[in-house]
Amino acid sequence: MCCSGSKGCKDQLLISKATLQECKRRKKLCMAWIDYQKTFDRVPHSWIIKSLELTGINNKVIAFTMKVMSYWRTRMRLHTENKLIETEDIKTQCGIFQGDSLSPLLFCICLIPLTEQLNGLNTGYEEHTTMTKISHLL
């Protein structure tokens, strides 16, 4: 990221590497990884709206998002040697519409309640030299 005070991919990789090296020396670590493959396809629309509400997004923006999501559609096309076969519109009932600038932002907002829950647990790996606690890197 290009924001002051935030951690980007390189920062998080270095933190992970340093934590793993220290844990190998101390022989103590529990770690979980979340696989985000195909995750845009699996975010329920109800969770998108709930996340917007939980993060305090303006009600007009929430209403706009709900309205926009109701228009999300796709079509499947099959090109054969002789013709094009195309389905009718298929309503997107789950997932974030890909290809617009709003979708990555919606996905990040959907992660905010998770990170708040993890922060509230006050658990994590305590780095022994600075006594910094690392609970997650999102």
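**Close-up views of a salt-bridge network and a pocket**

E86 is partly exposed, at a relative accessible area of 32%. The model shown in every view is predicted.

**View 1. R75 and E86 meet in a salt bridge.** The contact runs between the two side chains, at 3.4 Å from N to O. R75 sits in the loop between β1 (73-74) and β2 (77-79), and E86 in strand β3 (residues 84-86), so the pair ties together parts that are eleven residues apart in sequence. R75 is partly exposed, with a relative accessible area of 43%.

**View 2. D89 forms a salt bridge with R75.** Here the closest N and O atoms are 2.6 Å apart. D89 belongs to the loop between β3 and β4 (90-91), while R75 belongs to the loop between β1 and β2, so this pair links parts that are 14 residues apart in sequence. D89 counts as partly exposed, at 44% relative accessibility.

**View 3. R77 pairs with E86, and the salt bridges join up.** The closest N and O atoms of R77 and E86 lie 2.8 Å apart. R77 counts as exposed, because its relative accessibility is 57% and the cut-off for exposed is over 50%. Through shared partners, salt bridges connect R75, R77, E86 and D89 into one network. The structure holds three salt bridges.

**View 4. Nine named residues line the second largest pocket: I34, Y36, T39, V43, W47, F107, C110, L111 and L114.** The pocket encloses about 150 Å³ of space. Helix α4 (residues 102-120) gives the largest share of the lining, with four residues. By type, the lining has eight nonpolar residues, one polar and no charged.

**View 5. I34, Y36 and L114 form a nonpolar patch on the surface.** Together these residues have about 260 Å² of accessible area. I34, Y36 and L114 also appear in the lining of the second largest pocket. Y36 is placed in the loop between α1 (9-26) and α2 (45-54). Its relative accessible area is 33%, so Y36 is partly exposed. That value also passes the patch cut-off of over 30% relative accessible area.

Notes
Residues numbered from 1 in each chain as written. Predicted model: local features only at pLDDT ≥ 70, side-chain atom pairs only at ≥ 80, totals over all residues. Heavy atoms only, no water. 1 Å grid on protein atoms, 1.4 Å probe; cavity = no way out; pocket = protein on both sides within 12 Å on 5 of 7 lines; lining within 4 Å. Points joined across faces, edges and corners; volume = space filled by probe spheres on them. Helix = DSSP H or I, 4+ residues; strand = E, 2+ residues; numbered from the N terminus. Nonpolar A, V, L, I, M, F, W, Y, C, P; charged D, E, K, R; others polar. Patch = residues over 30% accessible without salt bridge, like charges linked within 9 Å, V, L, I, M, F, W, Y side chains within 5 Å. Areas by Shrake-Rupley, 256 points an atom, 1.4 Å probe, with all protein chains shown as cover. Salt bridge = Lys/Arg side-chain N within 4 Å of Asp/Glu carboxyl O. Buried < 20%, exposed > 50% of the residue type's maximum accessible area, 1.4 Å probe, protein only.
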